[in-house]
Amino acid sequence: MNNSDNFKHNFHLTDGSYLLNHSVGRPLKSTQQVINDDFLAPWQQTNKEPWQQWLQTIDKFTHGLANLFNSKAELFCPQSNLSSALTKLLMSLPQLNTSNKGIKKAKILMSEIDFPSMGFVAQNALNNHVEIVYLPQELSVTEINHWQKYLTKEIDLVFISHVYSNTGQQAPLKQLVELAKQNSTLSVVDVAQSAGILPLDLTDLAPDFMIGSSVKWLCGSSGAAYLWLNEQHIETCQPKDVGWFSHQNPFEFNIHHFDYHKSALRFWGGTPTILPYTVAANSIKYFADKVELVRKHNVKLQNHIIEQLPEFIASPFDVRQRSGTVILNLVDNQKAIAALTKNNIAVDLRECGIRVSPHIYNDENDIERLAEVVRKHVS
Ligand SMILES: Cc1ncc(COP(=O)(O)O)c(C=O)c1O
């Protein structure tokens, strides 16, 4: 019995091979039950409003994240997606407020291959009172010496994707966060593509901020994103997009009195959504102690793809530079995708090639089928 056999039965899987885990993970079978128990039952079965039980879901979500990333629950704030989290964060930082710097604009460093939405936010959140410096896409994001030339003392904030969605690359995260600290540059880490597949210890790494979601390797719902703040910054962050749940005492109901919440929840806003966090709290709990196991299995299947199709690999060979995704460049990728889709193998296509992301519920058969279709297609 291999690893995936022990886990497959916990997930809703259909016929064919599902290798789109960089996009949306498969739902746990327990999802339906947890929606019934934690979301619907408190709403359907009593004559009271369900907020007390619903808010317990948010506690489960933030505690699950604390376990997953080895940190404290009160340092996490639920967010609807990363773009919104980053907008709120950038607007809240006194360090980026140009009025503190005279006429000099604050500088943000990011990579040209970051997820575009993150660039859109950086360009717009501060009304152009910020200069964006890009690590050019020709320079590999995996090499610290490329970053070193750009991550200088002039940079106020560096945005680091732990891994990159279209290239299958992993950033040298520890070295980058250390370099940022040496330069007194704030660091924001994007774990959208790495949460649940690459272990990450926030207590050890201690970046300034982190944003992430639950919808990919964590098999949670969309709409269950999060913002994490290093404890030292909570007091100084002053979010502009607030609501009664950002207030220290949401139930005070005094329009003349607002105090920022003492925890990361100062970034929360108005009446929160519950349902996506119900789903994500359950799946995060499931994965919190399994990330190393999932990664080991993922690397084993990645190695299998690399052995089978070495000439088509466009993502890193060195495991320390790999994300959870292998990229295949097959020359006529459009045709290859059509052949794979016809054979019920779910993958997708981006600029650098076809993205293939094996999770704990995938096995060698999925890889063999993929390799067979690819071989047939190119021959
Ligand atoms: C690296 C990375 N960052 C961010 C996002 C998503 O951002 P948002 O939640 O704002 O849609 C993605 C989505 O795939 C991603 O791959």
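**Exercise 1. Find how strands β7 and β8 pair, and over how many bridges.**

Solution. Keep in mind as you work that this is a predicted model. Start with β7 and place strand β8 (residues 225-229) beside it: the two run in the antiparallel sense, joined by four bridges. To pin down one of these contacts, take G212 and look across to β8, where its bridge partner is Y226.

Next, turn to strand β6 (residues 186-190). Its pairing with β7 is parallel and has three bridges. Here you can take V188 and find its bridge partner, F209, in β7.

**Exercise 2. Are the residues on the two faces of strand β7 buried or exposed?**

Solution. Begin with a general idea: along a regular strand, side chains alternate between the sheet's two faces. Now sort residues 209-212 of β7: F209 and I211 belong to one side, M210 and G212 to the other. Each of these four is buried, and both faces are covered.

**Exercise 3. Work out how helices α10 and α12 are oriented to each other.**

Solution. First locate helix α10 (residues 291-308) and helix α12 (residues 364-378). Their packing angle is about 25°, and their axes lie 10 Å apart. Angles under 35 degrees count as roughly parallel, and α10 and α12 are therefore roughly parallel to each other. Finally, note the hand of the crossing of α10 and α12, which is right-handed.

**Exercise 4. Describe the residues that surround the ligand.**

Solution. Count them first: 13 residues surround the ligand, the closest being N81, S83, F115, S165 and A192. Then see which elements give two or more residues to this shell: α4 (82-92) and α5 (116-124). Last, sort the shell by class, which gives five nonpolar, seven polar and one charged.

How values were computed:
Residues numbered from 1 in each chain as written. Predicted model: local features only at pLDDT ≥ 70, side-chain atom pairs only at ≥ 80, totals over all residues. Near = placed C-beta within 6 Å. Nonpolar A, V, L, I, M, F, W, Y, C, P; charged D, E, K, R; others polar. Buried ≥ 20, exposed ≤ 12 C-beta atoms within 10 Å, placed from the backbone. Pairing = 2+ DSSP bridges. Axes fitted to C-alpha atoms, helices over the stretch in contact; angles between N-to-C directions. Parallel < 35°, antiparallel > 145°, perpendicular 65-115°, else oblique. Left-handed = near helix turned anticlockwise from the far one by under 90°.
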